[in-house]
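I opened a fresh page for this one and wanted to look up how the chains sit together. Here is the structure, friend.

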There are 2 protein chains.
Amino acid sequence: MTGPHVSGTTRLYPVLGDPVAQVRAPGLLNPLLAELGADALVVPVHVRPDALAEVVRGLMRAGNVDGLLVTVPHKAAVCALVDALGPAAAVTGTANAVRRTADGRLYAENFDGRGFVDGLTAAGRPLRDAHVFVAGAGGAGGAIAAAGLAAGAARVVLRDPDGARLAGLLGRLDARWPGRAGAAGPDDIGRADVVVNATPLGMRAADPLPFDPAAARPDAVVADVVMKPHETALLRAAAARGRRVHHGIHMLEQQVPAYREFFGWLRPDPAAAARKSGMA
Amino acid sequence: MTGPHVSGTTRLYPVLGDPVAQVRAPGLLNPLLAELGADALVVPVHVRPDALAEVVRGLMRAGNVDGLLVTVPHKAAVCALVDALGPAAAVTGTANAVRRTADGRLYAENFDGRGFVDGLTAAGRPLRDAHVFVAGAGGAGGAIAAAGLAAGAARVVLRDPDGARLAGLLGRLDARWPGRAGAAGPDDIGRADVVVNATPLGMRAADPLPFDPAAARPDAVVADVVMKPHETALLRAAAARGRRVHHGIHMLEQQVPAYREFFGWLRPDPAAAARKSGMA
C-alpha cells in the first residue's frame, strides 16, 4: 500500500454524506486529480443531518477547502445553506456540488441528472421521446426527472411516499416543462422505457426492493442510482428476469466532466508539471 | 505520482494552521498510518484566527474526524474550545492535539515540549541540570519551557515582546516548578547551554533573526522550532559560527510515539491485515 501524497499545500474537496462509507467519489476523482497534477484530494466527511449546517459552515471557512460534494441525505438541506443555486439545483431543490464564487459566495448545483442521462446515452438508451418511471422524489430522483425532461423525454412519472415532497417537485417540474411530469399510477412501471430506482433502498442488504422489476416491460432498461453494492438486489432481480440493467456508478462516472468544469480542475500546466517533477 | 488511497471509510485527522502550507505532519504521519494499516489520513486545513471556533466545531461534529492537530497561531485559542486539558496543556495554556473522549467530550494536550526534549536527548543533549534560553512564550515556547523543567533543567528563561503573555506563562511555570523559570535578561543568551527559537521567525525569507546566535556560548546548542525551511536563517548563522544546531523537525518526529498513544494508532491487528490484503 502506497501512502497518500498529502502535504500542507493540498487543497480539499470533502464529500458529505450519512452514511459516507459507501461514497465512490474519492476513488473516482482522486486518480483524476493526480493525473491532472492537481495538489487536491477528495475526502469523505460523515455528517449527520443535525450537524450539516455547522459542518458546511466550518468547512467552507477553511482556506484550502475549495468545494464540497454532497450526497444522501443532505442534497436538499444544503440548498438552504448556500447563497445561490444553479439551474438544475433551482428546479430540483437539491444540489450535489458546492463551490465558492470569485466574490466568496457559496454556489450550489446538481449534476446527478446530467450524469444519469449522459450515462444512459453512452449505454445506447438516450431519453429523447422516452417514457421514464422514477421511484423517489428526493435529490437524485428530482435531478433525473429534470435532466430527462431537459433531454426530451416524452413523459416522466415519479413515485414517493412523501406526498408533500412529490407534489413540490412536480410543481417545479411542471412550471418548467408543462404537462410532461406527473405522479406515477399503479400501471406506470409497465409503460416505461426506463425504470429507475432513485431511492436509497438497496444500500443495505435487508432493504426491500424499491419496486418489482418483473412489472417492467421486457424491453425496458432497469436502472439504479445506488452505487454500493454495485449489483443491487433490484438489478440482480431485473437481470434474472432478462431486463437490461444500468448500474449506479455510471451516474457518477458521467459527472466527472461536469465536476472538472465546476471546480476548475484543468489540464496540467506544462510549466507546473515540470516544477513538480523537478521537486519529486 | 501514485494516487492517494482514500475511500468513504477513511478517518480524518485535520491539522489546523495559518498558514498551513508549511506543515510537516501529513508527510510524517501518513506513511506511519499506512504502515500501521490504518485507514486514516492527516490532511491540512487552513484556518484564519477568526474562523477557528467555527472550523473546530464543524470538524468535530463530523463522524469520521477523530482528532485534530493544531499549529501556529491556534495553540492557545484552541484550549478555550475544548472540554478538558491534559497536564502539559494546562500548564502552558496551549495545545497541539485534540481528540474526542469515550463520552464525546473534547480533550486537548500539548506534545511539543515532550517532542522537543526527547529530540535533544536523542541528539545527546539531555536537559537535566541545563540552563535554557527560549525566545517566544507562545505555544511552542511554553511547552518547551514546561517540558524542560519537567526534565530537570536547572533554569529556563524566556523572552517575548508580549509582556502579559510572558508574565502569564511564567506565573504558571513558577507555580509548578518554583524558582526555576524567569524572564530573560540581556546576558542570558550567553549563559545558556541550549538556546531555542520558539517564535515563528524564520518561516519567511524576509524575517529578522529571532536573536543573534553569536551571543550564545561556543559550546551551546542552537535549536529552532521552525520546520520549514529545514535550514532556517538562524541555524545557518549559528552553524557558520561553529555552534551545534538542532533542527525543528526533531520536535515533531519525536512526538510520533505520543500521537500514536493519544489517538490510539495501534500496531496492525493480524486478522485485520489479512482481511485487508484479501480485499486488495
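I superposed the copies by least squares on the C-alpha atoms of residues with pLDDT of at least 70 in both. This is a predicted model, where local features need pLDDT of at least 70, side-chain atom pairs count only at pLDDT 80 or more, and totals for chains, interfaces and linings use all residues. Residues are numbered from 1 along each chain as its sequence is written, while chains are lettered from A and ligands numbered from 1 in the order written.

**Entry 1, the copies.** I found that a turn of 180 degrees and a shift of 0.0 Å along the axis lay chain B on chain A with an RMSD of 0.0 Å. That is the relation of a two-fold axis.

**Entry 2, the interface.** I counted residues as in contact if their C-beta atoms, placed from the backbone, lie within 7 Å. Chain B brings 38 residues to the contact and chain A brings 38 residues. On the side of chain B that touches chain A, helix H1 (25–35), strand S2 (40–46) and helix H2 (52–60) of chain B each supply at least two residues; helices (H or I, at least four residues) and strands (E, at least two) are DSSP runs, numbered from the N terminus. S2(B) gives the most to that side, with six residues. I also noted that 100% of the interface residues of chain B are interface residues in chain A too, so the copies meet through the same surface.
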